[in-house]
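Open the model in your viewer and keep the sequence panel beside it. The tour goes from one selection to the next.

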Amino acid sequence: MAWRTVTKTTGKHEITIIGAGIVGIATAIYLQRDGHRVVVVDKGDPGRATSYGNAGSIAPSSIIPMALPGTLKNVPKWITDPLGPLTVSWRQIPSLLPWFWHFRNACTKEAASRGARALRSLNGPSLESYRALLASAGAPDLLRHDGMLHVYRTEAGFAGSAFARQLRTDYAGEVEIVDAARIHDLEPALASAYRLGFFLRDNGHVRSPLRVVQVLARHFTDGGGTLVRATVEGLKLDGDAPVALRTDRGDMPVDRVVISAGAWSQPLAKQVGVRAPLAHERGYHVEIADPGIDMRLPVTDGEGKFVATPMEGGIRIAGTSEFSRADAPANWARTQALAKLGARLLPDLKVDRYEQWMGTRPSIPDSLPIVGRAPRSDRVYLAYGHGHFGLMAAPATGQVISDLVAGRAPRIDIAPFRPDRFT
Ligand SMILES: Cc1cc2nc3c(=O)[nH]c(=O)nc-3n(C[C@H](O)[C@H](O)[C@H](O)COP(=O)(O)OP(=O)(O)OC[C@H]3O[C@@H](n4cnc5c(N)ncnc54)[C@H](O)[C@@H]3O)c2cc1C
């Protein structure tokens with residue numbers, strides 16, 4: 001097929017973004033607002049990969065990295081419990097060793113504090129950014145600002161969250177400690193066994209993560225942006241400069257490229273000198289269209305490590321960290337476990353029928369994405385590896401990329417997200 005040749009105009013650029021997940025689409029909108037000509041290439045429809053099935057949380061205080069001082073000692077308990085949040089494919093262990101090594105190094109108080117501060121800079125503005133983005137896309141009702149409740153059944157579980165709560169207080173502000181009465185006042189649908197917890201008033205959620213990407217993608221194309229369906233097989237470089245994408249539909253000429261292909265970014269990023277370890281951390285959800293109950297707000301079970309969110313399609317129970325090959329068959333025992341956990345959290349929930357889904361988080365060991373210029377090419381930008389936080393971190397990521405392309409100083413300190421921090 002014939003692609004248009006790239007023409008350059010001073011100050012304005014032709015930018016090709018690989019990936020139409022939430023990160024690619026948010027980035028496309030901010031670049032478009034700066035007056036650049038933007039093309040987004042995806043092998044599928046916008047928002048149909050990992051951005052489809054997340055828990056919808058838009059949380060300025062969601063700043064806790066996965067690697068914490070107590071995380072490793074919980075691994076045996078999590079792995080052996082059939083309802084536990086963690087599974088690892090044993091065959092994958094040899095290839096995951098470098099990732100686990102960096103993860104283990106990040107399990108210190110100092111690294112967790114640095115990570116929380118960095119995540120706050122990305123996730124802190126998330127609610128305001130989505131309010132503005134969704135309003136300009138004509139879909140303000142997709143965003144809710146009802147807060148989020150974190151609940152525990154045991155004193156030990158609640159005590160185990162003390163360090164993370166302190167980080168939230170230090171870097172993200174108000175954490176309201178709640179007792180059983182307040183928990184049930186905030187969310188009457190919860191089981192009475194949940195007696196301890198905290199409430200994060202400044203948190204919000206979206207009522208359909210898929211529709212968020214779809215309305216923003218439509219906003220982008222209505223504004224003159226182009227979506228192209230193609231599978232990118234690699235970058236064609238002239239020295240270090242990108243000249244074309246190799247795709248299943250032929251070579252596509254490019255001038256500047258943003259790699260935001262989520263969990264599939266690593267082979268492309270390697271071509272421009274990025275060696276950061278990336279794991280395919282799969283997660284699951286069940287969504288119950290006819291749940292038989294009303295939920296007022298999203299709830300995290302702090303011990304079970306899953307989230308229940310009221311969505312426009314029903315109640316969604318999401319969670320699980322499964323380290324596996326991205327293309328391994330889904331393990332639907334994980335959704336059965338989530339359905340059981342959901343019924344434990346919400347005793348009147350009808351879980352006999354549900355939609356089930358599996359998706360792949362692009363996870364970096366320190367829980368921070370890779371955002372910045374490629375080490376070996378100043379015309380390739382990186383915006384991937386958002387792990388558990390990609391929905392909420394997408395607007396700030398897109399704004400940073402637009403700052404870099406425009407030659408402005410990035411609006412936040414991007415040193416913690418440096419692509420070369422693992423080398
Ligand atoms: C169970 C679960 C719950 C979660 N809950 C939350 C939450 O509450 N809040 C939150 O902020 N985050 C949450 N997340 C994380 C969030 O969903 C991800 O971080 C985010 O979706 C990543 O977005 P992305 O755009 O980087 O990737 P994706 O959505 O996966 O998009 C990548 C796109 O790139 C395309 N692509 C890949 N390779 C190629 C190629 N070679 N050529 C062309 N196209 C390509 C894909 O088709 C895809 O459309 C959750 C994740 C899971 C699994």
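Which residues does Tyr 130 touch, not counting residues up to four places away in sequence? Select Tyr 130 and show its contacts (heavy atoms within 4.5 Å). The list is Ile 22, Ile 58, Ala 135, Leu 143, Val 212, Leu 216, Leu 391, Met 392, Ala 394 and Pro 395.

Before going on, note that this is a predicted model, in which local features need pLDDT of at least 70 and side-chain atom pairs count only at pLDDT 80 or more, while totals for chains, interfaces and linings use all residues. Residues are numbered from 1 along each chain as its sequence is written, and side-chain values use heavy atoms, with hydrogens and water left out.

**The nonpolar core**

Stay on Tyr 130 and add Ile 22 and Leu 216. These three touch the most other members of the largest nonpolar core, which has 58 residues. A nonpolar core here is a set of buried Ala, Val, Leu, Ile, Met, Phe, Trp, Tyr and Cys residues joined through side-chain atoms within 4.5 Å. Buried means under 20% relative accessible area, exposed means over 50%, and partly exposed lies in between (1.4 Å probe, protein chains only). Now select residues 390-406, helix α12, which gives the most to this core, with nine residues. Helices (H or I, at least four residues) and strands (E, at least two) are DSSP runs, numbered from the N terminus.

**Strand β8 and its partners**

Select residues 196-200. This is strand β8, and five of its five residues are buried. In a regular strand the side chains alternate between the two faces of the sheet. On one side of β8 are Leu 196, Phe 198 and Leu 200, on the other Gly 197 and Phe 199, and both faces are covered.

Add residues 148-152, strand β6, which pairs with β8 in the antiparallel sense over five bridges. Two strands pair if DSSP finds at least two bridges between them. To check the register, find Leu 149, whose bridge partner in β8 is Phe 199.

Next add residues 176-179, strand β7, which runs antiparallel to β8 and is joined to it by four bridges. Here Ile 177 stands opposite Phe 198, and Asp 179 stands opposite Leu 196. Which residues form the covered face of β7, and which the uncovered one? Glu 176 and Val 178 are on the covered face, Ile 177 and Asp 179 on the uncovered one.

**A three-strand sheet**

Clear the selection and pick β3, β9 and β5, which form an open antiparallel sheet in the order β3-β9-β5. β3 (57-58) and β5 (143-144) are at the edges with a single partner strand each, so one side of each is left without a neighbour in the sheet. Two bridges join β5 to β9 (residues 204-206), and Arg 144 stands opposite His 205 in β9.

**A long-range pair**

Select Val 228, in strand β10 (residues 226-229). Val 228 is buried, with a relative accessible area of 14%. Then select Val 41: the two residues are 187 residues apart along the chain, yet their C-alpha atoms are separated by 4.7 Å.

**Empty space**

On a 1 Å grid over the protein atoms alone, a cavity is a set of points where a 1.4 Å probe fits but cannot get out, and a pocket is an open set with protein on both sides within 12 Å along at least five of seven lines; lining residues have an atom within 4 Å of a point. Grid points are joined across faces, edges and corners, and a volume is the space filled by probe spheres set on the points.

The second largest pocket holds about 450 Å³. Of its 18 lining residues, Ala 111, Arg 114, Gly 115, Asp 366 and Leu 368 lie nearest the centre. Helix α4 gives the most to this lining, with seven residues.

Two cavities reach 30 Å³ or more. The largest has a volume of about 70 Å³. Select Met 66, Ser 363, Ile 364, Ser 367 and His 388, which lie nearest its centre among 13 lining residues.

The second largest cavity has a volume of about 40 Å³. Its lining includes Leu 83, Lys 305, Phe 306 and Arg 334, and α11 gives the largest share, four residues.
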